[in-house]
Amino acid sequence: MKSFDAAEAAAYETRIHRVVPGYEALHQAVCHLAVELGPRRVFCSGAGTGAEADSLSTMLPHAEIEAGEPSLDMRALGEVRTAGSSNVTWVDEPTGSFDLVTSILVGHFVADEILFGYFAELGTLTVAGGSLIVAVMASPTSPAEAEDWIHHLATQLNKPADYDGRHDRAQETYESLPENVRLRDAAAYEEVIAGAGFRQEHVFFRRPMIHGWVYRKS
């Protein structure tokens with residue numbers, strides 16, 4: 001799994017809004033789904049700088065929330081962010097079982113050789129009948145979807161001022177994505193997650209190259 005250094009961790013909040021179309025809507029959707037599910041125990045896998053755990057702690061004040069993040073620089077920012085949340089605990093290894101597990105914008109950082117093991121571990125942490133909420137960046141399903149993502153990124157770039165220049169930079173970023181993330185077909189995630197013991201319930205989010213699903217542990 002990718003490890004973020006201090007500079008990457010510090011820039012993550014700004015970058016994620018640029019590269020993920022509808023990031024705020026995705027974040028809000030995850031929180032509203034969590035409230036509807038009403039879990040007692042939640043594990044946030046790849047909790048990053050703590051935005052998700054922080055919001056869930058407010059919206060689920062009576063739930064126990066554990067947050068796991070392998071990148072120490074990202075985790076340090078998350079611990080500061082959630083310092084005032086009494087129901088959030090950052091852990092090296094999750095403890096016990098959970099009614100809800102989340103993996104939001106994590107899977108595309110997981111190497112091919114450990115992808116199944118990653119979701120299988122989340123499966124062992126989820127109680128029977130419990131839920132898994134997943135969001136990933138995946139390969140575009142068509143050239144048009146790739147262009148939609150490039151257009152989104154171009155509109156988020158501040159310099160140069162002209163759109164053509166921004167579009168060229170966005171195109172370069174798109175072409176360099178495989179250097180930083182594993183761009184797989186969405187179906188590859190669906191197959192692996194099903195193999196880890198989960199049944200897909202519904203799609204809750206869809207934007208260019210971004211997929212969000214809700215699963216139930218079989």
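The following paragraphs lead through a predicted model, beginning with its sheet and then turning to one residue of strand 4, two loop residues and two helix pairs.

The sheet is open and consists of seven strands, arranged in the order 3-2-1-4-5-7-6. Its pairing is mixed. Strand 3 (88-90) and strand 6 (198-207) form the edges, each of them pairing on one side only. From one strand to the next, the twist averages 15 degrees.

Strand 1, residues 41-45, offers a convenient entry into this sheet, with strand 2 and strand 4 as its partners. Toward strand 2 (residues 64-68), strand 1 runs parallel and is joined by five bridges. Toward strand 4, the pairing of strand 1 is again in the parallel sense, here over four bridges. Valine 42 illustrates both partnerships: this residue stands opposite isoleucine 65 in strand 2, and valine 42 also stands opposite leucine 100 in strand 4.

How many residues of strand 1 are buried? Five of its five residues are buried, and the strand is described as mostly covered. In a regular strand, the side chains alternate between the two faces of the sheet. For strand 1, Arg41, Phe43 and Ser45 belong to one side, while Val42 and Cys44 belong to the other. Residues on both sides are all buried, and both faces of strand 1 are therefore covered.

Continuing along the sheet order, strand 4 is followed by strand 5. Strand 4 and strand 5 run parallel and are joined by six bridges. Within this pair, serine 103 stands opposite valine 134 of strand 5. Strand 5, which spans residues 126-137, is mostly covered, with nine of its 12 residues buried.

Phenylalanine 98 belongs to strand 4, which comprises residues 98-104. Why does phenylalanine 98 count as buried? Its relative accessibility is 0%, and buried means under 20% relative accessible area. Leaving aside neighbours within four places in sequence, the contacts of phenylalanine 98 are Arg41, Val42, Phe43, Glu66, Leu125, Thr126 and Val127. Several elements already introduced recur in this list: Arg41, Val42 and Phe43 are residues of strand 1, Glu66 falls within strand 2, and Thr126 and Val127 fall within strand 5. Leu125 falls within helix 5 (residues 112-125). As a separate reference point, alanine 29 lies 69 residues from phenylalanine 98 along the chain, and the C-alpha atoms of the two residues are separated by 20 Å.

Two loop residues deserve attention for their backbone conformation. Leucine 105 is located in the loop between strand 4 and helix 5. Its phi is near 60 degrees, a positive value in a residue other than glycine. Leucine 105 has a relative accessible area of 5% and is therefore buried. Methionine 209 occupies the loop between strand 6 and strand 7 (210-217). Although methionine 209 is not a glycine, its phi is positive, at about 70 degrees. With a relative accessible area of 0%, methionine 209 is likewise buried.

The helices supply two packing arrangements. In the pair formed by helix 2 (residues 23-37) and helix 3 (residues 51-59), the axes come within 10 Å and cross at roughly 40 degrees. This angle makes helix 2 oblique to helix 3. The crossing of helix 2 and helix 3 is right-handed. Helix 2 contributes Tyr23, His27, Val30, Cys31, His32, Ala34 and Val35 to the contact, and helix 3 contributes Ala51, Glu52, Ser55, Leu56 and Met59. Classified by residue type, the contact of helix 2 with helix 3 contains eight nonpolar, three polar and one charged residues.

The other pair brings together helix 5 (residues 112-125) and helix 8 (residues 186-195), whose axes are 8 Å apart and which pack at an angle of about 45 degrees. Helix 5 is therefore oblique to helix 8. The crossing of helix 5 and helix 8 is right-handed. Which residues of helix 5 and helix 8 meet? From helix 5 come Leu115, Phe116 and Phe119, and from helix 8 come Tyr189, Val192, Ile193 and Gly195. The contact of helix 5 with helix 8 comprises six nonpolar residues and one polar residue, with no charged residues.

Methods. Residues numbered from 1 in each chain as written. Predicted model: local features only at pLDDT ≥ 70, side-chain atom pairs only at ≥ 80, totals over all residues. Heavy atoms only, no water. Axes fitted to C-alpha atoms, helices over the stretch in contact; angles between N-to-C directions. Parallel < 35°, antiparallel > 145°, perpendicular 65-115°, else oblique. Left-handed = near helix turned anticlockwise from the far one by under 90°. Contact = heavy atoms within 4.5 Å. Nonpolar A, V, L, I, M, F, W, Y, C, P; charged D, E, K, R; others polar. Buried < 20%, exposed > 50% of the residue type's maximum accessible area, 1.4 Å probe, protein only. Pairing = 2+ DSSP bridges.
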